Amino acid sequence: MKKKLLCFLVTSLLVLTSCSNDDNNGTIEPVKVITPKSITYQGENGENIDVNTLIYNGNKIVSASCLAYGRIMKTVFTYTGNLITKTEGFTDDQLFSTTLYTYDNGKLKEESYFLPTQLEDAFYYKKVYTHNSDNTISYKVYRHENPAEPEDGIHTLTFTNGNLVKSKTEYSDLNPYYKYVYEYKYDNKNNPLKNILGLDLILLEGGVVSGHDMFNGDFGINDFGLNNISEKITTVTSEVGVETYVEKLTYKYDENGYPTKKSSDQFTDVIGYNY
């Protein structure tokens, strides 16, 4: 009887140990969030023009920087919870500009741009957004010269499946300025920036506000969406008529469907993404 009980206990222990080992072997590793570590602009001969370095804390972007004109250009991002509420532009660690973002129920309400010499209530320019019932987003622009009155023109953005497909500006009949309509077509692959937390809420028009007066001043953080823009169609209307311009973009992708190279038929630069 004792031998049978001993055999039973040993067998049970072996089964439990085996199950425990199986559980350890079957542990699911956290899925790596794919984000670009660097975005590089290359000339037609393959030389690097700009190398932009992006730093993260998890899937939150901390900073983007590059060497330009012999100086370090850098934009630092600040989150409140999961929302980007501030970006600061620096040149060699000297503050160049600040952009503040405010939200209403998780949707962008205001984007205010300040120079370092201004107080927070004295913006250089400000965009005030309205999220419409037809799922479009419109905004008006205010300038520091006349902060209480918006500029003429209502800007309207149209989105489909997380991608900006149309951007247009409507002016009053008294305004003699040109009128622009931008339309975008997309591929079905992954946008390199799609996994950066909070960018989808502030990059409504595709690019980050950095304040740096330099070539490629957005550090390559542009053309944002869930997918990649394959065609840009610009229509310009003026008193003399209507003109249309088309830019086509092509990509090379990695095994995960993220672009490693982006080329345009209008520019000689090639943009590279390193993950």
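1. Two aromatic rings of Phe, Tyr or Trp are taken as a pair if their centres lie within 6.5 Å, and planes over 60 degrees apart make such a pair edge-to-face. By this rule the count for the structure, which is a predicted model, comes to 6 aromatic pairs. One of them joins Tyr113 and Tyr124, whose ring centres are 6.2 Å apart and whose planes stand at 65 degrees, so this pair is edge-to-face. Because Tyr113 belongs to strand 7 (residues 107-114) whereas Tyr124 sits in the loop between strand 7 and strand 8, the pair ties together parts that are 11 residues apart in sequence.

2. The surroundings of these two tyrosines deserve a separate remark. Tyr113 is buried, with a relative accessible area of 8%, while Tyr124, at 33% relative accessibility, counts as partly exposed. Tyr113 and Tyr124 also belong, together with Tyr125, to one aromatic cluster.

3. On the chain as a whole, the secondary structure comes to 2 helices and 16 strands. The chain has 275 residues, and buried residues make up 41% of them. Among the contacts between residues at least 6 apart in sequence, 38% join residues that are at least 24 apart. The chain exposes about 16500 Å², of which carbon and sulfur atoms supply 52%.

4. The largest nonpolar core holds 44 residues, and the members that touch the most other members are Ile61, Ile84, Leu199 and Ile221. Strand 3 (residues 60-68) contributes the largest share of this core, namely 4 residues. For Leu199, once residues up to four places away in sequence are set aside, the residues touched are Ile84, Leu193, Ile221 and Phe224; Ile84 and Ile221 are thus both contacts of Leu199 and, like Leu199, among the members with the most core neighbours.

5. Lys127, which lies in strand 8 (residues 125-131), is a charged residue that a reader may wish to inspect. Lys127 has a relative accessible area of 14% and is therefore buried, the limit being under 20%. The side chains of Lys127 and Glu205 are joined by a polar contact of 3.0 Å. Beyond the neighbours within four places in sequence, Lys127 is in contact with Lys109, Glu110, Glu111, Tyr139, Lys140, Val141 and Glu205, so that Glu205 appears both in this contact list and as the polar partner.

6. Gln42 can be read in a similar way. This residue is found in strand 1 (residues 38-42) and, at 18% relative accessibility, counts as buried. The side chain of Gln42 makes a polar contact of 3.4 Å with the side chain of Asn48. Apart from neighbours within four places in sequence, the contacts of Gln42 are Glu47, Asn48, Ile49, Lys261, Thr268, Asp269 and Val270.

7. Tyr184 is placed in strand 12 (residues 179-186), and its relative accessibility of 17% means that it counts as buried. The C-alpha atoms of Tyr184 and Lys166 are separated by 6.3 Å, although the two residues are 18 apart along the chain. Lys166 is also one of the residues that Tyr184 touches, the others being Leu164, Val165, Ile229, Glu231 and Lys232, with residues up to four places away in sequence not counted.

8. Two lysines place their charge over a tyrosine ring. The charged end of Lys126 sits over the ring of Tyr142, 5.6 Å from its centre, and the charged end of Lys189 sits over the ring of Tyr253, also 5.6 Å from the ring centre.

9. Two asparagines call for a check of the backbone. Most residues other than glycine have a negative phi. Asn135, however, has a phi near 70 degrees, a positive value in a residue other than glycine, and Asn161 has a positive phi of about 55 degrees although it is not a glycine. Asn135 is placed in the loop between strand 8 and strand 9 (137-143), and Asn161 in the loop between strand 10 (154-160) and strand 11 (163-170). At 64% relative accessibility, Asn135 counts as exposed, and Asn161 is likewise exposed, with a relative accessible area of 66%.

Note on methods
Residues numbered from 1 in each chain as written. Predicted model: local features only at pLDDT ≥ 70, side-chain atom pairs only at ≥ 80, totals over all residues. Heavy atoms only, no water. Core = buried A, V, L, I, M, F, W, Y, C linked by side-chain atoms within 4.5 Å. Buried < 20%, exposed > 50% of the residue type's maximum accessible area, 1.4 Å probe, protein only. Contact = heavy atoms within 4.5 Å. Polar contact = N/O pair within 3.5 Å; in protein donor to acceptor, adjacent residues only side chain to side chain. Phe/Tyr/Trp six-rings, centres within 6.5 Å; stacked < 30°, edge-to-face > 60°. Lys NZ or Arg CZ within 6 Å of the ring centre and 35° of its normal. Areas by Shrake-Rupley, 256 points an atom, 1.4 Å probe, with all protein chains shown as cover.
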